Structures are given as structure tokens and as C-alpha cells.
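These are my notebook entries on how the ligand is held. I worked through the contacts and then the surroundings.

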Amino acid sequence: MNKLNYFKLVIPAKSANEGFSRAAVAAFTALADPTVEELSDVKTAVSEAVTNCIVHAYKEKEGLIYIDACFFENGCVRIKIRDRGCGITDVKKAREALFTTAGDERSGLGFTVMESFSDKLTVRSKPGAGTTVTITKYIKGKNDAH
Amino acid sequence: MEITFANSVMTASLTGEIDHHSAKEMREKIDFELIKRKPSKLILDFSGVTFMDSSGVGLVMGRYKKCSAIECRTSVTGLRERDKKIMKMSGLINVVEFI
Ligand SMILES: Nc1ncnc2c1ncn2[C@@H]1O[C@H](COP(=O)(O)OP(=O)(O)OP(=O)(O)O)[C@@H](O)[C@H]1O
Ligand SMILES: [Mg+2]
């Protein structure tokens, strides 16, 4: 599939960058002429993935988050969010709704939210090496005749 | 965010974007007042919220637990449709009043 546009972003895993990273991906996705709903879906999914890098992968310590976004000819936007943090031992378990390894302030819904707001979600992880989350969203856009 | 009191009802009017970063300050402010004033009801008003992810659910969940410990009821108002959808993915709908 022909890549129409792409961008890469490397940012330190600081919580202040959660808002920046989802805004950056939203600005990029906006070039694909999405509906307000589609844009919000992408923003929410990216926010979940980036937050997981900060909260879980690096556990609020230093580290880098690698974001790689592409827009394809068929209207598909693909966003890869990668960390070199602690990794996930059991990805299947981690993806279950309400599963969390963090305390009272986390609901364990991040992956469930990412799944429900995207068309496809893949999670690749290696304990001790890091995690890559790939969010795929088909932008039908404002000009779609339904 | 603004916190107001009427009799023993505490209302926290949340504004802007709720994520893991911004939720921290909201949580600290709400919990400080909760402990100090021990209201009988906490209303979390989301009508000024322009974005939230699962951190919004965590914020409600955490406050619900704190409130339960001091026999305070928790209520959530002003959620946008998409945020209501996220809240519903949790079990909160069974224990917290959503208006
Ligand atoms: N990038 C990551 N690196 C390491 N562990 C991760 C990563 N992302 C998720 N996890 C693990 O998977 C679990 C589930 O993640 P999920 O985002 O669904 O829930 P949560 O982050 O715990 O809570 P919430 O997202 O609702 O605040 C986490 O508790 C954590 O153990
Ligand atoms: Mg999460």
C-alpha cells in the first residue's frame, strides 16, 4: 500500500508529554480529513498507549517513547508507539478488561479503550526489552457518502 | 477545577483534558477537601471536560473508594456520550450514580 505521509517523534517519557503526543498525532491525522469522532478516537487511543509507556514501561523513570505514524492511500492511519521499558510477560492477560498491575488510580481499561476506538490493535512485547503497540484506524472521513 | 460546597454536598467541577498527567492535581485537590470537610455526597461534574482517557475512570474509581471509607456517596454528571462509553467499560456503573 502506498504511503502518502508519515512522521516520527521521539520524546522523553514525561507525563507532560501525554497531551503533546496525542495533540501531535491528532494534527497529523487531521491531514487525512477525518470526522471529529474519528479524530477523537485516535487521540484517545494514542493517549492510552503513551501513558502506558510512562506509567508501566518506565515506571515514571527516564526513558524514550518512539512514535511512528503513517497515512496510506486507502485511508488507513497506522500509529506505532514503542518503548524500551520493562515489557509485558503475559500480553493476553494484560489486554483483558480491568486487568491492572498498578494501584487504586488505574482502572485496567487502557487496552480495552484502544481496542474499542481503533480498527485493529497489535501488541508485541518482550520482557526486559520493551513493547510496541500498533494502532490501526481507517479514516472514512467527512466526504464519505455512507 | 472548582470545588464548591452546599450543605454537606461537595461538587468538583472538572475542566479541560483529563489524562494521567492532569488527573494527579485534580485528585490531590479533591482528596484534600474530602478529608477536611467529610461531605455526605461528592458530585464530580464533567461538563467542562474536553478530553478524557481511562485516567478519568481511574479518577472516579479512586474517589469512589475514598468516599466509601467516609460514608460519602459518589455521583458523576455532565459526561459526554463517548466518555460515558468509557466509564461503562468499568464496573463503576453499578456503584456510582451517573446522571
Ligand atoms: N508499555 C507497557 N510496558 C509494560 N507494561 C505495560 C505496558 N502497557 C501495559 N502494560 C501492562 O498491562 C496492564 C494493562 O494495561 P492497561 O492500559 O489496559 O491498564 P492500566 O494502564 O493498568 O490502567 P488504565 O489504562 O485504565 O489506567 C498494565 O497494568 C501493565 O501491567
Ligand atoms: Mg493504561
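I looked up the polar contacts of ligand 1 in this predicted model, and I began with N52(A), where an N or O atom of the side chain is 2.8 Å from an oxygen atom of the ligand. I then turned to R106(A), whose side chain places an N or O atom 2.6 Å from an oxygen atom of ligand 1. For L109(A) I noted that the contact comes from the backbone, with an N or O atom lying 2.8 Å from a ligand oxygen.

Next I checked how much of the ligand is covered: on its own, ligand 1 has 600 Å² of accessible area, and the protein covers 96% of this. I also looked up which space ligand 1 takes, and I recorded that this space is the largest pocket.

I then listed the shell, for which I counted a residue when one of its heavy atoms lies within 4 Å of the ligand. Ligand 1 is surrounded by 20 residues, and the closest are H56(A), T100(A), T101(A), R106(A) and S107(A). By kind, I sorted the shell into 10 polar, 7 nonpolar and 3 charged residues.

Which helix of chain A gives the most to the shell around ligand 1? I found that helix 2 does, with 4 residues. Helix 2 spans 36-57, and both this helix and helix 4 (110-116) of chain A supply at least two shell residues each.

My last entry concerns the chains: I noted that the site is shared between chains, because residues from both A and B surround ligand 1.

Key
Residues numbered from 1 in each chain as written. Chains lettered and ligands numbered in written order. Predicted model: local features only at pLDDT ≥ 70, side-chain atom pairs only at ≥ 80, totals over all residues. Heavy atoms only, no water. Polar contact = N/O pair within 3.5 Å; in protein donor to acceptor, adjacent residues only side chain to side chain. Areas by Shrake-Rupley, 256 points an atom, 1.4 Å probe, with all protein chains shown as cover. 1 Å grid on protein atoms, 1.4 Å probe; cavity = no way out; pocket = protein on both sides within 12 Å on 5 of 7 lines; lining within 4 Å. Sits in = over half its atoms within 2 Å of the grid points. Nonpolar A, V, L, I, M, F, W, Y, C, P; charged D, E, K, R; others polar.
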